[in-house]
Amino acid sequence: VGRLTVFCWHNVHPTWCFPAPPGRGRVGLEAQLRALTRWAHVVPLEEGLDALRDGRPLPSRAVAVTFDDGYRDNLTDALPLLERLGVHATIFLVPDLLSRTVRPWWEVLGWAVFRARAPRVEFGGLHEVPADPGARRPLLERLLTAVKALDARAREEALDALVVALAPEGDAGTEAMFCDWDDAARLAAHPRVGIGSHSLRHVILANETPEAQHRDLATSRRILEERLGVPVRSVAYPVGDEAAYSGRTVEAARAAGYAYGLSTGQRRNGAGVHPHHVARWVMSPERGTSGFLTLVRPAERAVRKRLRALRPSRG
Ligand SMILES: [Zn+2]
């Protein structure tokens, strides 16, 4: 039957949480997508997962491309690349981010830390804010870990308190950073794009009650299908690691009508994969093509062998 390797990107251009030198993201993503088209077979995510489920064969080195969160550069930068290279991608969207009724808490926190004017912040202990913004990454990681342990309501309160305490300069600018519903409609209408759900409000599902998880996932799917006019059969659990979703999340996803649930983790998905525990490798455009080496190496060997076999004997 074969195996399916799923990759997960987020932003293309640098953001507060994912800084990079200007221009690197676009160049990096293009190199990565080109490497995939050369060395692997990109299939639409749900086609690949349906084939695994039904025991139908997949092409060798089958991979699927996904993006989470709905960063606006998925439309402005990734989509033209997908089109040019003939690559299909599934984009996992968050309805309340599209509606601007919830904040992308990780980016707001990134802004508050990197633009902080306060010399220290009290949050589960007293943290110094390094004078050099370039030295503030460990502080951001500590604060992100702390707010990820909270449920949605407590996290919103913590975020308000942290923004006040850190006293950042300017504005987080997150509205320009993320797609709105018009952008989402343009993505959904494109033949190279599939749409999935990334929850209603980008909550960490495992921290919510089973009822709240079900309500969130069912509402997200219904709103995306109604407003975008496309089927939504997959959910990518926000944050996606082992702590971010649970058995209750899987039950909620199934009850809400999702055929597939995706987490993160460096595994290839084989024939017996649980449809609501599909693993994805998290990629960033700056990471080069090294994440693909496990795919590329066997291919290179096979190509070299074939070339040797074709070479006329000089005997
Ligand atoms: Zn996310």
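**Exercise 1.** Which residues are the protein donors of the zinc ion, and through which atoms?

*Solution.* The model examined here is predicted. Step one is to identify the donors: Asp 69 contributes OD, while His 198 and His 202 each contribute NE2. These donors lie 2.0 to 2.1 Å from the zinc ion. Step two is to write their spacing in sequence, which reads D-x128-H-x3-H. Step three is to place two of them in the fold. Asp 69 belongs to the loop between strand 3 (62-68) and helix 3 (73-85), and His 202 to the loop between strand 7 and helix 10 (210-228); the pair therefore ties together parts that are 133 residues apart in sequence. Finally, both Asp 69 and His 202 are buried.

**Exercise 2.** Determine how many disulfides the structure contains, and explain why Cys 17 forms no such bond with Cys 8.

*Solution.* A search of the whole structure finds 0 disulfides. Cys 8 is in none, and the nearest cysteine sulfur, that of Cys 17, is 15 Å away. The cut-off for a disulfide is a pair of cysteine sulfur atoms within 2.5 Å. At 15 Å from its closest cysteine sulfur, in Cys 8, the sulfur of Cys 17 is therefore too far for a bond. As for accessibility, Cys 8 is buried at 0% relative accessibility, and Cys 17 is buried at 3%.

**Exercise 3.** Locate Pro 191 and decide whether this residue is buried or exposed.

*Solution.* Pro 191 sits in the loop between helix 9 (181-188) and strand 7 (193-197). The threshold for exposed is over 50% relative accessible area. Pro 191 has 72%, so this residue is exposed. Its C-alpha atom is separated by 9.7 Å from that of Ala 89, a residue 102 residues apart from Pro 191 along the chain.

Note on methods:
Residues numbered from 1 in each chain as written. Predicted model: local features only at pLDDT ≥ 70, side-chain atom pairs only at ≥ 80, totals over all residues. Heavy atoms only, no water. Buried < 20%, exposed > 50% of the residue type's maximum accessible area, 1.4 Å probe, protein only. Helix = DSSP H or I, 4+ residues; strand = E, 2+ residues; numbered from the N terminus. Donors = N, O, S within 2.8 Å, 3.2 Å for Na, K, Ca; no water.
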